[in-house]
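Colleague: I should like to go through the assignments in this model and hear the grounds for each.

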Amino acid sequence: TEDVKSIGREITFEKDVSDFDLLKRVLSDISEDIYSTTKNEGYSFRTVVLKIRFKGFETHTKQKSLKQEPGLEEVKDTASDLLSCFSDSKKRVRLIGLRLTNLSKVEK
């Protein structure tokens, strides 16, 4: 079997989005989804990676590694913090995604 490097999900919007509250809600939903997937597949993780693509395919990633494995609320807070790095941008968002990396298999 191949080693899984990361677990993540992306959402591409039908129309470009400028509402940061909407983006935060979407990230919160993605956080819950990938957090439970990571746990269900028996992995721990240490790094949260945000991917954001603006209109015109300008793509950025920001990531933060945590000292110990975070809980769900910390994942959501970290995702929100990473997103806030872009809050001054007046550009509209086409895609947003979140990935959990630095995975290691949890011994049962």
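Colleague: Which residue in S5 does Ile 7 stand opposite?

Modeller: Ile 7 stands opposite Leu 100 in S5. The model is predicted, so local features need pLDDT of at least 70 and side-chain atom pairs pLDDT 80 or more, while totals for chains, interfaces and linings use all residues. Residues are numbered from 1 along each chain as its sequence is written, and side-chain values use heavy atoms, without hydrogens and water.

Colleague: What makes S1 and S5 paired strands?

Modeller: Strands are DSSP runs of E with at least two residues, helices runs of H or I with at least four, numbered from the N terminus. Two strands pair if DSSP finds at least two bridges between them. Eight bridges join S1 (residues 6–17) to S5, and the two run antiparallel, so the criterion of at least two bridges is met. S3 and S5 also pair in the antiparallel sense, over eight bridges; Arg 53 has Leu 95 in S5 as its bridge partner.

Colleague: Why is the pair of Tyr 35 and Phe 45 called edge-to-face?

Modeller: Rings of Phe, Tyr and Trp (its six-membered ring) pair if their centres lie within 6.5 Å; planes under 30 degrees apart count as stacked, over 60 as edge-to-face and the rest as tilted. The centres of Tyr 35 and Phe 45 are 6.0 Å apart and the planes stand at 90°, so the pair is edge-to-face. Tyr 35 lies in helix H1 (residues 20–40) and Phe 45 in the loop between S2 (43–44) and S3 (47–54), so the pair ties together parts ten residues apart in sequence.
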